[in-house]
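Hi there,

Here is the structure I promised to pass on. Have a look at it first, and my notes follow below.

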Amino acid sequence: MPQFAFLEGQPFWVIYCTLLVVILLRAPATYWIGRGLGAGVARSRLGRRLGPKLDAAKRRIDRYGAPVVTLSFFTVGMQTAINLSAGAVRMRFPRYFAAVFVGGLAWAGLWGVVIAGLVGTWMELFLKSPWTAVGVVLAAAVAVAALVARARLVRRGRPEPGAGEAGPGPVGEGADPGAADARRV
(Lines give C-alpha, C1' and ligand atoms only; values in the text may rest on other atoms or scores of the structure.)
Protein backbone atom coordinates (compact mmCIF):
# COMPACT_ATOMS: atom_id res chain seq x y z
CA MET A 1 0.00 0.00 0.00
CA PRO A 2 1.74 3.13 -1.19
CA GLN A 3 0.10 5.42 1.38
CA PHE A 4 1.62 3.28 4.16
CA ALA A 5 5.02 2.64 2.53
CA PHE A 6 6.75 4.45 5.39
CA LEU A 7 5.64 1.62 7.70
CA GLU A 8 7.48 -1.06 5.73
CA GLY A 9 9.90 -2.94 7.95
CA GLN A 10 8.54 -1.42 11.17
CA PRO A 11 7.57 -3.60 14.14
CA PHE A 12 3.89 -4.52 14.37
CA TRP A 13 3.20 -2.25 17.36
CA VAL A 14 4.44 0.80 15.39
CA ILE A 15 2.22 -0.16 12.44
CA TYR A 16 -0.74 -0.78 14.74
CA CYS A 17 -0.43 2.51 16.66
CA THR A 18 0.10 4.51 13.47
CA LEU A 19 -2.97 3.00 11.82
CA LEU A 20 -5.02 3.55 14.97
CA VAL A 21 -4.08 7.24 15.01
CA VAL A 22 -4.93 7.48 11.29
CA ILE A 23 -8.41 6.03 11.80
CA LEU A 24 -9.06 8.07 14.95
CA LEU A 25 -8.35 11.22 12.95
CA ARG A 26 -9.94 10.25 9.62
CA ALA A 27 -13.29 8.87 10.81
CA PRO A 28 -14.25 11.81 13.07
CA ALA A 29 -13.18 14.25 10.34
CA THR A 30 -15.64 12.51 8.00
CA TYR A 31 -18.27 12.62 10.77
CA TRP A 32 -17.88 16.39 11.18
CA ILE A 33 -18.11 16.95 7.41
CA GLY A 34 -21.33 14.92 7.45
CA ARG A 35 -22.58 16.92 10.40
CA GLY A 36 -22.11 20.14 8.47
CA LEU A 37 -23.88 18.72 5.43
CA GLY A 38 -26.70 17.41 7.63
CA ALA A 39 -27.21 20.83 9.17
CA GLY A 40 -27.64 22.27 5.69
CA VAL A 41 -30.15 19.59 4.72
CA ALA A 42 -32.11 20.10 7.96
CA ARG A 43 -32.53 23.77 7.13
CA SER A 44 -33.51 23.12 3.52
CA ARG A 45 -36.99 22.75 2.10
CA LEU A 46 -36.52 18.97 1.94
CA GLY A 47 -35.56 18.85 5.62
CA ARG A 48 -38.60 20.87 6.61
CA ARG A 49 -40.84 18.65 4.49
CA LEU A 50 -39.48 15.46 6.05
CA GLY A 51 -39.78 16.97 9.53
CA PRO A 52 -40.98 14.30 12.00
CA LYS A 53 -39.81 11.40 9.81
CA LEU A 54 -36.29 12.80 9.77
CA ASP A 55 -36.38 13.32 13.53
CA ALA A 56 -37.52 9.73 14.11
CA ALA A 57 -34.73 8.42 11.88
CA LYS A 58 -32.20 10.54 13.77
CA ARG A 59 -33.38 9.12 17.11
CA ARG A 60 -33.14 5.54 15.84
CA ILE A 61 -29.68 6.03 14.37
CA ASP A 62 -28.48 7.75 17.52
CA ARG A 63 -29.79 4.85 19.58
CA TYR A 64 -28.86 1.86 17.39
CA GLY A 65 -26.17 3.25 15.07
CA ALA A 66 -23.10 2.56 17.22
CA PRO A 67 -22.83 -1.14 16.29
CA VAL A 68 -23.20 -0.21 12.62
CA VAL A 69 -20.34 2.29 12.93
CA THR A 70 -18.17 -0.32 14.65
CA LEU A 71 -18.96 -3.02 12.07
CA SER A 72 -18.25 -0.62 9.21
CA PHE A 73 -14.56 -1.03 9.94
CA PHE A 74 -14.81 -4.64 8.75
CA THR A 75 -15.99 -3.51 5.31
CA VAL A 76 -14.19 -2.00 2.38
CA GLY A 77 -15.74 1.12 0.95
CA MET A 78 -18.56 1.56 3.48
CA GLN A 79 -16.67 3.26 6.31
CA THR A 80 -16.72 6.71 4.77
CA ALA A 81 -20.41 6.55 3.87
CA ILE A 82 -21.40 5.34 7.34
CA ASN A 83 -19.24 7.92 9.13
CA LEU A 84 -20.61 10.68 6.91
CA SER A 85 -24.17 9.48 7.54
CA ALA A 86 -23.63 9.33 11.31
CA GLY A 87 -22.57 12.96 11.20
CA ALA A 88 -25.37 13.99 8.85
CA VAL A 89 -28.02 12.66 11.24
CA ARG A 90 -26.19 14.18 14.21
CA MET A 91 -25.46 10.97 16.10
CA ARG A 92 -24.21 12.01 19.54
CA PHE A 93 -20.43 12.37 19.29
CA PRO A 94 -19.45 10.53 22.52
CA ARG A 95 -21.44 7.47 21.45
CA TYR A 96 -20.11 7.76 17.90
CA PHE A 97 -16.50 8.12 19.01
CA ALA A 98 -16.76 5.10 21.34
CA ALA A 99 -17.96 3.04 18.37
CA VAL A 100 -15.15 4.41 16.19
CA PHE A 101 -12.58 3.60 18.86
CA VAL A 102 -13.69 -0.03 19.15
CA GLY A 103 -13.91 -0.40 15.36
CA GLY A 104 -10.58 1.39 14.96
CA LEU A 105 -8.86 -1.04 17.32
CA ALA A 106 -10.01 -3.92 15.13
CA TRP A 107 -9.31 -2.08 11.86
CA ALA A 108 -5.75 -1.21 12.84
CA GLY A 109 -5.07 -4.83 13.76
CA LEU A 110 -6.55 -6.20 10.57
CA TRP A 111 -4.80 -3.73 8.30
CA GLY A 112 -1.59 -4.09 10.28
CA VAL A 113 -1.63 -7.80 9.56
CA VAL A 114 -2.57 -7.22 5.91
CA ILE A 115 0.14 -4.62 5.40
CA ALA A 116 2.78 -6.48 7.34
CA GLY A 117 1.76 -9.88 5.97
CA LEU A 118 -0.03 -10.15 2.66
CA VAL A 119 1.19 -6.99 0.98
CA GLY A 120 4.76 -7.51 2.21
CA THR A 121 4.74 -11.11 1.02
CA TRP A 122 3.31 -10.13 -2.36
CA MET A 123 5.92 -7.38 -2.77
CA GLU A 124 8.67 -9.84 -1.96
CA LEU A 125 7.24 -12.26 -4.54
CA PHE A 126 6.97 -9.43 -7.07
CA LEU A 127 10.62 -8.53 -6.61
CA LYS A 128 11.66 -12.16 -7.14
CA SER A 129 9.23 -12.99 -9.95
CA PRO A 130 6.94 -10.25 -11.26
CA TRP A 131 5.02 -12.62 -13.54
CA THR A 132 4.26 -14.98 -10.67
CA ALA A 133 3.04 -12.07 -8.55
CA VAL A 134 0.77 -10.89 -11.37
CA GLY A 135 -0.46 -14.48 -11.77
CA VAL A 136 -1.34 -14.62 -8.08
CA VAL A 137 -3.41 -11.44 -8.39
CA LEU A 138 -5.15 -12.75 -11.52
CA ALA A 139 -5.88 -16.11 -9.84
CA ALA A 140 -7.35 -14.30 -6.84
CA ALA A 141 -9.49 -12.12 -9.14
CA VAL A 142 -10.75 -15.19 -11.03
CA ALA A 143 -11.55 -16.96 -7.74
CA VAL A 144 -13.52 -13.96 -6.46
CA ALA A 145 -15.36 -13.62 -9.78
CA ALA A 146 -16.23 -17.34 -9.72
CA LEU A 147 -17.57 -17.08 -6.16
CA VAL A 148 -19.67 -14.04 -7.06
CA ALA A 149 -21.04 -15.74 -10.18
CA ARG A 150 -21.85 -18.90 -8.22
CA ALA A 151 -23.66 -16.89 -5.54
CA ARG A 152 -25.73 -15.11 -8.20
CA LEU A 153 -26.65 -18.41 -9.87
CA VAL A 154 -27.70 -19.92 -6.55
CA ARG A 155 -29.75 -16.84 -5.75
CA ARG A 156 -31.43 -16.92 -9.17
CA GLY A 157 -32.24 -20.61 -8.81
CA ARG A 158 -34.14 -20.15 -5.56
CA PRO A 159 -37.89 -19.71 -5.77
CA GLU A 160 -39.33 -16.47 -4.49
CA PRO A 161 -40.56 -16.61 -0.89
CA GLY A 162 -44.18 -17.72 -0.94
CA ALA A 163 -44.07 -18.82 -4.59
CA GLY A 164 -44.80 -22.45 -5.24
CA GLU A 165 -45.26 -23.36 -1.59
CA ALA A 166 -47.95 -25.93 -1.17
CA GLY A 167 -50.06 -25.52 1.90
CA PRO A 168 -50.74 -28.38 4.22
CA GLY A 169 -53.06 -31.05 2.91
CA PRO A 170 -56.51 -31.55 4.37
CA VAL A 171 -56.54 -33.01 7.84
CA GLY A 172 -59.21 -35.66 7.89
CA GLU A 173 -60.16 -38.61 9.92
CA GLY A 174 -57.16 -40.70 10.89
CA ALA A 175 -54.67 -38.15 9.52
CA ASP A 176 -51.77 -37.08 11.69
CA PRO A 177 -51.95 -33.27 12.21
CA GLY A 178 -48.21 -33.25 13.07
CA ALA A 179 -47.40 -34.59 9.61
CA ALA A 180 -48.75 -31.42 8.00
CA ASP A 181 -46.45 -29.36 10.22
CA ALA A 182 -43.49 -31.58 9.33
CA ARG A 183 -44.09 -30.98 5.60
CA ARG A 184 -43.87 -27.21 6.13
CA VAL A 185 -40.39 -27.43 7.65
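Reading along the sequence, you will meet the pattern α-α-α-α-α-α in the protein chain. That is 6 helices and 0 strands. Please keep in mind that this is a predicted model.

Some overall numbers to begin with. The protein chain has 185 residues, and buried ones make up 25% of them. Its accessible surface comes to about 12,900 Å², with 68% of that belonging to carbon and sulfur atoms. If you take the contacts between residues at least 6 apart in sequence, 73% of them join residues at least 24 apart.

Now to the helix packing, where H1 turns up twice. Helix H1 covers residues 12-43 and helix H3 covers residues 79-88; the two pack with their axes 6 Å apart, at an angle of about 50°. An angle of this kind makes H1 oblique to H3, and their crossing is right-handed. On the H1 side, the contact is made by Ile23, Arg26, Ala27, Thr30, Tyr31, Ile33, Gly34, Arg35, Leu37 and Gly38. H3 brings Gln79, Thr80, Asn83, Leu84, Ala86, Gly87 and Ala88 to this contact. Sorted by character, the residues where H1 meets H3 divide into 8 nonpolar, 7 polar and 2 charged.

The other partner of H1 in my notes is helix H2, residues 45-71. Here the axes lie 7 Å apart and the angle is about 120°. Again, H1 is oblique to H2. Val41, Ala42 and Arg43 of H1 make the contact with Arg45, Gly47, Arg48 and Lys58 of H2. The residues of this contact of H1 with H2 divide into 2 nonpolar, 1 polar and 4 charged.

Two single residues are also worth pulling up on your screen.

The first stop is Arg90, in the loop between H3 and helix H4 (93-128). What is the phi of Arg90 near? Its value is near 60°, which is positive in a residue other than glycine. Arg90 has a relative accessible area of 39%, so it counts as partly exposed.

The next stop is Leu125, which sits in helix H4. Its relative accessible area is 27%, so Leu125 is partly exposed as well; the cut-off for buried is under 20%. Which residues does Leu125 contact, leaving aside its neighbours within four places in sequence? They are Pro130, Thr132, Ala133 and Val136. Val136 is 11 residues from Leu125 along the chain, and the C-alpha atoms of the pair are separated by 9.6 Å.

If you want a place to start, display H1 together with H3 and colour the contact residues by character: you should find the 8 nonpolar, 7 polar and 2 charged ones. Then do likewise for H1 with H2, looking for the 4 charged residues in that contact.

Happy browsing, and best wishes

Conventions. Residues numbered from 1 in each chain as written. Predicted model: local features only at pLDDT ≥ 70, side-chain atom pairs only at ≥ 80, totals over all residues. Heavy atoms only, no water. Helix = DSSP H or I, 4+ residues; strand = E, 2+ residues; numbered from the N terminus. Buried < 20%, exposed > 50% of the residue type's maximum accessible area, 1.4 Å probe, protein only. Contact = heavy atoms within 4.5 Å. Areas by Shrake-Rupley, 256 points an atom, 1.4 Å probe, with all protein chains shown as cover. Axes fitted to C-alpha atoms, helices over the stretch in contact; angles between N-to-C directions. Parallel < 35°, antiparallel > 145°, perpendicular 65-115°, else oblique. Left-handed = near helix turned anticlockwise from the far one by under 90°. Nonpolar A, V, L, I, M, F, W, Y, C, P; charged D, E, K, R; others polar.
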